[in-house]
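Colleague: I am new to this model. Please take me closely through one part of it, then add what surrounds that part.

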Amino acid sequence: MKRIATLLLALGILAAAPAVQAELTEEMKRDGWISIFDGRTLDGWKSNETYEGFKVENGAIVGFGGRNHLYFMEELRNFELKIDVNINHDGNSGLYVKSQWQDAAWPTTGFELQISSSHGDPQKTGSLYNIIRIYEAPHKDDEWFTYHLICRGNTLHVRINDKPLYTYVDPGGQRRGQQGQGQGQAPPITEQNKRIAQPGYIALQQHHDGSVVQFRNIFLKKLPD
């Protein structure tokens, strides 16, 4: 009986243990990858709202409460990004690239990679919001998945769980670019979808109260101009 109790206690401790932040492999380090989240603090990141909306819990950045955006405070032009994401039922979030800093606002520049599996918004995870629309999420609620983005020049390559989804090409003032799943006509040229060749910030979105999004293992590789 004592042995069983000891075993149950040990299993309980293991279940309560925080998730371990993945370490970069030696091969990734040699290839130029760095970690931009240490699994414990928000050092290097900044919220664009005055109230708390992100915390670190069990080795992940967790979004909660109302609208908020957490910026990684280094402007980037050409880079590769890998990030693990988890979103709850009816949750809505986004991963921004090439955005400019905006206080207390929804980002209106750069590009949003949608994060949603069951929210009412028809654009699901993988969508390049309002540009390339994907209507069926490649993951379930509360299931970890990995975004892998490559921003180089005027192109954005999007992969999820090592599966290539599409390559978006900056229109450059013309109505052209590869079409994505579920997309019809190419979108109008706007200030939002012309900015991919310009430097900007990575940002994580907390969309609304009741939405709970988690981010972990955030790895960045800077690419030459």
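Colleague: What is the mean pLDDT of the chain, and what share of its residues reach 70 or more? After that, please look closely at the open sheet of five strands.

Modeller: This is a predicted model, in which local features need pLDDT of at least 70 and side-chain atom pairs count only at 80 or more, while totals for chains, interfaces and linings use all residues. Residues are numbered from 1 along each chain as its sequence is written, and side-chain values use heavy atoms, without hydrogens or water.

The mean pLDDT (the predictor's confidence in each residue, from 0 to 100) is 86. Of the residues, 80% reach 70 or more. Residues 4-19 stay under 50. That stretch has four contacts (heavy atoms within 4.5 Å) beyond four places in sequence. Residues 173-186 are also below 50. They have 27 contacts beyond near neighbours in sequence.

Now the sheet. Its strands (DSSP runs of E, at least two residues, numbered from the N terminus) come in the order β2-β5-β12-β7-β8. The pairing (at least two DSSP bridges between two strands) is antiparallel. The sheet is open. Its edges are β2 and β8 (111-115), each pairing on one side only. Neighbouring strands are turned by 20° against each other on average, direction ignored. The axes behind that angle are lines fitted to C-alpha atoms.

Start at the β2 edge. Strand β2 covers residues 45-47, and β5 covers 68-76. Three bridges join them. One pair is Trp-45 with Phe-72 in β5.

Move on to β12, residues 200-206. Six bridges join β12 to β5, and the two run antiparallel. Asn-68 has Gln-206 as its bridge partner in β12. Leu-76 is partnered by Gly-200.

Elsewhere, β10 (155-160) and β11 (163-169) run antiparallel, joined by six bridges. Leu-156 pairs with Tyr-168 in β11. The two strands form a hairpin with two residues between them. In the turn, Asn-161 has a positive phi of about 50°.

Last, the largest pocket. It holds about 180 Å³ of space. Twelve residues line it, and among those nearest its centre are Trp-106 and Gln-205. Four lining residues are nonpolar, six polar and two charged.

Notes: 1 Å grid on protein atoms, 1.4 Å probe; cavity = no way out; pocket = protein on both sides within 12 Å on 5 of 7 lines; lining within 4 Å. Points joined across faces, edges and corners; volume = space filled by probe spheres on them. Nonpolar A, V, L, I, M, F, W, Y, C, P; charged D, E, K, R; others polar. Helix = DSSP H or I, 4+ residues; strand = E, 2+ residues; numbered from the N terminus. Axes fitted to C-alpha atoms, helices over the stretch in contact; angles between N-to-C directions.
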